[in-house]
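This report covers the contacts between two domains, the nonpolar cores and one loop residue. Please have the coordinates open while reading.

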Amino acid sequence: MQFLSDNAAAVHPAVWTAMQAADEADAPYDHDSLSRTLDAAFADLFGRDCAALWVASGTAANCLALATLVEPHGGVLCHEEAHIEMDEGGAPGFFLHGAKLMPLPGARGKITPEAIAARRAQVREGVHQVHPHAISITQASEVGCVYRPEEVAAIASAAQAGPGRRLGLHMDGARFANAVAFLGGAPGACLAGVDALSFGFIKNGAMSAEAIVLFDPAAADLARFRRKRAGHLQSKGRFLAAQILAMLKGDLWLANARAANAAAAELGAAAKDRLLHPVEANEVFIACTHDERQALRGAGFAFYDWGDGAARMVTAWDARAQHVAALARALAAL
Ligand SMILES: *Cc1c(COP(=O)(O)O)cnc(C)c1O
């Protein structure tokens, strides 16, 4: 019974169908009839002008998005547990040509305007220190918590305030769908002031396509050149576009995220005395001993340890009701 991560999940049947349907000759790269509709599809979704590019991993999405905001001598303010800091094997340094990540502490995997201002105040004027060029926030956060629209707006204001240059604002939305499903309301409501969004689909039912959404369409050219240079311009891009369009169609992305979140909520309710973080999206972090984890594994549940005294369980769009119920019972009985 699989609770390791949401990228262990199956590919949604509608995504397979869309890829099969795309299996006819069309123009290569992103000149095909599907890729050419992506800008409009996301502009429709968010009700504002934007440009959208597919890439095949979240790491590439984050780093190419940041490449539109950060110069090689700049820095990126992010949470100390951010995926770009902890889980991307130095890709930000590689794609950004040495730009520095500037990690900040913060409860629930979230950073605050206060932490941003405090860090900026430490940077001396002049060329000797790295100055931040952008802020990156993760929605939902690395511990499954969700920035409220007003929290994002406050960070955007901090990005625009001094000292120094206006900072770009990037959102790592590997689990953006889960965050929107939690918040309800318009998909764009938590994007005020965001310049670039990595919109995740792979963990939510796609196979190999994430979108970089740029709310300044003029930045898209830079991202396109950098995507090619990085070896991420896929020759048969129509198969990536097909996945994204299938996920957007009829708001499949939201339905899938709602299913994942509901399964996590069920686990969270069963383990409520052990929760390390509120369950807002599709991740559940619980305090439990080594022996308790062994017992759960012995009963057939797969999940990651989270340090010495904790475990992480992640649900996905294809969570099976019986497996979720069984884990909920096992957690309640610990
Ligand atoms: C999964 C994930 C990504 C994307 O990871 P890849 O393995 O590069 O696809 C990015 N950010 C967060 C927060 C993630 O959880």
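With which residue does glutamate 280 form a salt bridge? The partner is arginine 148, and the closest N and O atoms of this pair are 3.0 Å apart, where a salt bridge is a side-chain nitrogen of Lys or Arg within 4 Å of a carboxyl oxygen of Asp or Glu. The model is a predicted one, in which local features need pLDDT of at least 70 and side-chain atom pairs count only at pLDDT 80 or more, whereas totals for chains, interfaces and linings use all residues. Residues are numbered from 1 along each chain as its sequence is written, and side-chain values use heavy atoms, with hydrogens and water left out.

The domain assignment of the protein chain, whose bounds come from an automatic or database source, gives domain 1 (11-251) and domain 2 (257-333). The table lists values computed for this pair of domains; contact means heavy atoms within 4.5 Å, buried area is the accessible area (1.4 Å probe) that two parts lose on being put together, summed over both, and a polar contact is a pair of N or O atoms within 3.5 Å, where one must be able to donate a hydrogen and the other to accept it, and residues adjacent in sequence count only if both atoms are side-chain atoms.

| Domain 1 and domain 2 | Value |
|---|---|
| Distance between C-alpha centres | 28 Å |
| Residues in contact | 19 residues of domain 1, 14 residues of domain 2 |
| Area buried between domain 1 and domain 2 | about 1400 Å² |
| Salt bridges | two salt bridges |
| Polar contacts | nine residue pairs (both at pLDDT 80 or more) |

Helix H8 (residues 176-183) gives the most to the side of domain 1 that touches domain 2, with four residues; helices (H or I, at least four residues) and strands (E, at least two) are DSSP runs, numbered from the N terminus.

The largest nonpolar core, a set of buried Ala, Val, Leu, Ile, Met, Phe, Trp, Tyr and Cys residues joined through side-chain atoms within 4.5 Å, has 58 residues, and Ile135 is one of those that touch the most other members. Helix H10 (residues 238-248) gives the most to this core, with eight residues.

Glycine 98 lies in the loop between helix H5 (91-95) and strand E3 (100-104). Glycine 98 counts as partly exposed because its relative accessibility is 48%, given that buried means under 20% relative accessible area, exposed over 50% and partly exposed in between (1.4 Å probe, protein chains only).
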